[in-house]
Amino acid sequence: MARALALARRGQATTTPNPRVGCVLVRDGLPVGEGWHERAGEAHAEVHALRAAGQRARGSTAYVTLEPCSHVGRTGPCCEALVAAGVARVVAAMQDPNPLVSGQGFARLRAAGVAVRVGVAEAAARALNPGFIARLTRGWPWVRLKVAMSLDGRTALANGASQWITSAAARADGHRLRAEACAVLSGSGTILADDPQLTARDVQATRQPLRVVIDGGLRMPAAARVLDGEPTLVLARSGVLAQDAPGAGAERARALMARGARVIGVAEDPHDPAHLDLRAALLALGREPLNEVLVEGGEILNGALLTAGLVDECVFYVAPALLGSAARGPARLGPFERLAQRHRLRFAAVERVGPDLRITAVPEPAGATTD
């Protein structure tokens with residue numbers, strides 16, 4: 001199973017919106033075929049492994065990181081391919097959360113006389129596909145918030161200057177996260193202040209992530225660099241799009257669409273009609289469908305997502321430098337009057353990236369205590 005998981009990781013940046021899956025066929029204690037799902041619309045991991053094994057697949061055990069599919073999509077059912085090849089046993093890391101498959105692949109295999117075992121290295125398999133699981137179970141993607149900051153937690157000087165706080169190595173690693181994400185999400189404030197491209201450039205990328213801008217009031221200019229190249233998705237408040245007077249929302253939307261953007265209306269936040277509903281925005285991204293979204297926003301968007309409990313994971317690139325108390329912070333939170341109100345995170349990993357640190361942290365569940 002460890003080999004199957006390693007194979008699945010090869011599809012880290014290419015399988016979206018499908019899951020990352022690896023498969024190894026073993027017969028008489030020796031591997032006879034292996035494969036991984038490379039990209040959506042192409043053969044699944046099991047099919048690649050069966051092709052590699054040929055006749056040696058008969059009587060083998062298939063180690064696969066996810067339940068073999070049982071439905072006809074852009075490819076045929078993998079469970080049927082395993083049965084037809086004469087595979088005797090299937091060891092799977094986890095059941096597929098997709099309701100079109102969930103449990104049905106295993107049932108078909110058992111009905112055909114194939115022995116099935118489920119749950120081997122399940123935690124590792126789940127960690128490989130957090131976005132796919134999130135989208136299929138709750139309706140919106142895995143949300144990973146990325147911040148580059150100084151040791152005193154500052155992301156830019158008071159005048160907005162921020163290039164570059166972290167090293168070239170940290171920036172390249174951040175571009176790796178972009179390349180692996182299904183989408184990069186930012187807010188209109190960041191677009192207006194920095195005019196970023198939001199593309200993966202400092203690493204080899206087989207595809208570019210979808211660029212998504214939350215621009216409730218359609219403030220971004222049609223000349224913004226984020227609109228260059230492949231189409232960008234812009235999420236605006238539905239009420240703004242309905243404004244059809246000269247210079248109003250509908251006209252601004254048409255200017256963005258003339259640059260190739262897709263503009264989608266999202267419901268307003270019922271508690272703050274001046275902003276769109278972030279949960280509704282993420283549900284819209286789930287329908288795209290997108291598995292993993294990398295947030296590269298400013299303190300307002302970051303703070304709003306954290307406050308709403310919509311962030312699954314934070315990645316902080318921390319440079320060994322101090323920017324001072326007047327500089328800007330990573331997220332606008334609070335104001336808090338008691339320490340018990342603070343936003344709690346738990347460190348998941350701390351690693352060196354060049355001269356900087358990469359700290360991965362996850363929000364503590366509601367009610368958890370660290371004291």
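Select Gly139 in this predicted model. Gly139 stands just after helix H6 and takes a positive phi of about 100°.

**Helix H6 and its surroundings**

Now extend the selection backwards to H6, which spans residues 130–138. Which residues of H6 are buried? They are Pro130, Gly131, Phe132, Ile133, Ala134 and Arg135. To see what covers these buried residues, display helix H5, strand S6 (142–150), helix H11 (278–286) and strand S13 (292–295), which are among the covering elements.

**Asn129, between two helices**

Move next to Asn129, in the loop that links H5 (122–128) to H6. Is Asn129 buried or exposed? With a relative accessible area of 6%, Asn129 is buried. Show Pro19 and Arg20 as well: both are in contact with Asn129, once its neighbours within four places in sequence are left aside. Then add Glu292 and draw a distance between the two C-alpha atoms. Asn129 and Glu292 are separated by 163 residues in sequence, while their C-alpha atoms lie 9.1 Å apart in space.

**The cis bond at Pro289**

From Glu292, step back along the chain to Pro289, which sits in the loop between H11 and S13. Inspect the peptide bond that leads into Pro289 from Glu288: this bond is cis, with omega near 0°. Most peptide bonds are trans.

**Helix H12**

Continue forward to helix H12, residues 299–307. Colour Leu301, Asn302, Gly303, Leu305 and Leu306, the buried residues of this helix. The cover over them includes S6, strand S7 (183–187), strand S8 (210–214), H11, S13 and strand S14 (313–319). S6, H11 and S13 were already on display, as part of the cover of H6. Just after H12, select Gly309, where phi is positive at about 70°.

**The cis bond at Pro335**

Follow the chain past S14 to Pro335, located in the loop between S14 and strand S15 (345–353). The peptide bond joining Gly334 and Pro335 is cis, and its omega is about 10°.

**Positive phi outside glycine**

Two further stops concern backbone angles. Most residues other than glycine have a negative phi. Where does Asp28 lie? Asp28 is in the loop between strand S1 (22–27) and strand S2 (30–36). Its phi is near 55°, a positive value in a residue that is not glycine. Turn on the surface at this point: Asp28 counts as exposed, at 72% relative accessibility.

Compare this with Leu198, in the loop between helix H8 (188–194) and S8. Leu198 also has a positive phi, of about 60°, although it is not a glycine. Is Leu198 buried or exposed? At 2% relative accessibility, Leu198 counts as buried.

**The cysteines**

Select the cysteine sulfur atoms next. How many disulfides does the structure hold? The number is zero. A disulfide is a covalent bond between the sulfur atoms of two cysteines. Start with Cys23, and look for the closest cysteine sulfur, which is in Cys78. The two sulfur atoms are 8.5 Å apart, so they are too far from each other for a bond; the cut-off applied is 2.5 Å. Cys79 is likewise in no disulfide, since the nearest cysteine sulfur, that of Cys69, is 6.6 Å away, beyond the limit of 2.5 Å for such a pair. Check the surroundings of both residues: Cys23 is buried, with a relative accessible area of 0%, and Cys79 counts as buried at 1% relative accessibility.

**The whole chain**

Finally, zoom out and colour by secondary structure. The chain has twelve helices and 16 strands. Its radius of gyration is 23 Å, close to the 21 Å that the globule rule gives for 371 residues, so the chain is as compact as a globular protein of that length. Along the principal axes, the C-alpha atoms fill a box of roughly 65 × 50 × 40 Å.

Colour by burial: 47% of the 371 residues count as buried. Among contacts between residues at least 6 apart in sequence, 70% join residues at least 24 apart. With the surface shown, the accessible area comes to about 17000 Å², and carbon and sulfur atoms account for 53% of this area. Colouring by charge brings up 43 positive and 35 negative side chains, and the centres of the two sets lie 4 Å apart.

Terms used: Residues numbered from 1 in each chain as written. Predicted model: local features only at pLDDT ≥ 70, side-chain atom pairs only at ≥ 80, totals over all residues. Heavy atoms only, no water. Buried < 20%, exposed > 50% of the residue type's maximum accessible area, 1.4 Å probe, protein only. Helix = DSSP H or I, 4+ residues; strand = E, 2+ residues; numbered from the N terminus. Rg over C-alpha atoms; globule rule 2.2 N^0.38 Å. Contact = heavy atoms within 4.5 Å. Areas by Shrake-Rupley, 256 points an atom, 1.4 Å probe, with all protein chains shown as cover. Lys, Arg positive; Asp, Glu negative; His and termini not counted. Charge placed at Lys NZ, Arg CZ, Asp CG, Glu CD.
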